[in-house]
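Hi,

Here is the model I said I would pass on. Have a look at it first, and my notes follow underneath.

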Amino acid sequence: MKRILFFAVFSFISLTAFAQKGPKIEFKAKDNTIDYGKVYKDNDNGVRIFEFTNTGDAPLIITNVQSTCGCTVPSKPKEPIMPGKSDKIEVKYNMATGPIRKSITVETNAVNADGGKVHLKIKGEVLERPEVNLMEKKKVGPMQ
């Protein structure tokens, strides 16, 4: 009888531990990553949007959004996000030529994030268009 009672109490405690109450943040981007792809510096302003939803049962508060370097500037919502509501975090990359591999840390009160922190990533490559010199003579044929 003691074993059955112990097992019932243990099961109840285990189930309630998994049913977390509070705010939960779920990002729309797969793997919390936005891929710029290959973009040209002169055609892109570098702004991307991470959309998220509070899937919990309490207001979600984003306390801080921080990038790993000054070339990426994130902005966060100022007001709490109510349960079931969505919002966005805007990220602006400075479009320096070369590969993009940057991380953004979002600090929240979300119970489904380890320590309340969620890591976002941006990746891609910024290209620069080659200059075309109209005065340069074009080469014709395989021997020239």
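A word on terms before the layout: helices (H or I, at least four residues) and strands (E, at least two) are DSSP runs, numbered from the N terminus. On that basis the protein chain has one helix and eight strands, in the order α-β-β-β-β-β-β-β-β along the sequence.

Please keep in mind that this is a predicted model: local features need pLDDT of at least 70, side-chain atom pairs count only at pLDDT 80 or more, and totals for chains, interfaces and linings use all residues. Residues are numbered from 1 along each chain as its sequence is written, and side-chain values use heavy atoms, with hydrogens and water left out.

**Overall numbers**

Of the 144 residues in the protein chain, 29% are buried. Buried here means under 20% relative accessible area, exposed means over 50%, and partly exposed is in between (1.4 Å probe, protein chains only). The accessible surface (Shrake-Rupley method, 1.4 Å probe; for residues, only the protein chains shown count as cover) is about 10,500 Å², and carbon and sulfur atoms account for 57% of that. As for contacts (heavy atoms within 4.5 Å), take those between residues at least 6 apart in sequence: 69% of them join residues at least 24 apart.

**The open sheet**

Two strands pair if DSSP finds at least two bridges between them. One open sheet has four strands in the order 1-3-6-5, with antiparallel pairing. Strand 1 and strand 5 are its edges, each pairing on one side only. From one strand to the next the twist averages 30° (axes are lines fitted to C-alpha atoms, for helices over the stretch in contact, and angles run from 0 to 180 degrees between N-to-C directions).

Going across the sheet, strand 1 and strand 3 are joined by three bridges, and Glu26 has Thr53 in strand 3 as its bridge partner. Strand 3 and strand 6 share seven bridges, with Glu51 opposite Lys88 in strand 6. Strand 5 and strand 6 have four; in strand 6, Tyr93 is the bridge partner of Thr72 and Val91 that of Pro74.

The faces are worth a look too. In a regular strand the side chains alternate between the two faces of the sheet. Strand 3 has Arg48, Phe50, Phe52 and Asn54 on its covered face, and Val47, Ile49, Glu51 and Thr53 on the uncovered one. In strand 5, Thr72 and Pro74 point to one face and are buried, while Val73 and Ser75 point to the other and are not.

**The core**

In soluble globular proteins, nonpolar side chains tend to be buried together. I count as a nonpolar core a set of buried Ala, Val, Leu, Ile, Met, Phe, Trp, Tyr and Cys residues joined through side-chain atoms within 4.5 Å. The largest one has 26 residues, and those with the most contacts inside it are Ile25, Phe27, Phe50, Phe52, Ile89, Tyr93 and Ile122. Strands 1, 2, 3, 4, 6, 7 and 8 each supply at least two of its residues. Strand 8 gives the largest share, four residues.

Phe50 is a good place to start browsing: leaving aside neighbours within four places in sequence, its contacts include Phe27, Ile34, Ile89, Val91, Leu120 and Ile122.

**The disulfide and what follows it**

How many disulfides are there (a pair of cysteine sulfur atoms within 2.5 Å)? The count is one. It joins Cys69 to Cys71, with the sulfurs 2.3 Å apart. The torsion about the S-S bond is about -45°, so this disulfide is left-handed. Cys69 is partly exposed, at 25% relative accessibility, whereas Cys71 is buried at 17%.

Thr72 lies in strand 5, residues 72–75, and is buried with a relative accessible area of 3%. Beyond residues up to four places away in sequence, Thr72 touches Ser67, Val91, Lys92, Tyr93, Lys102, Ile104 and Ile122.

**One loop residue**

Lys28 sits in the loop between strand 1 (25–27) and strand 2 (33–40). Is Lys28 buried or exposed? Lys28 counts as exposed, because its relative accessibility is 66%. Lys28 and Glu51 are 23 residues apart in sequence, with their C-alpha atoms 5.6 Å apart in space.

Cheers

Definitions and conventions:
A disulfide is a pair of cysteine sulfur atoms within 2.5 Å.
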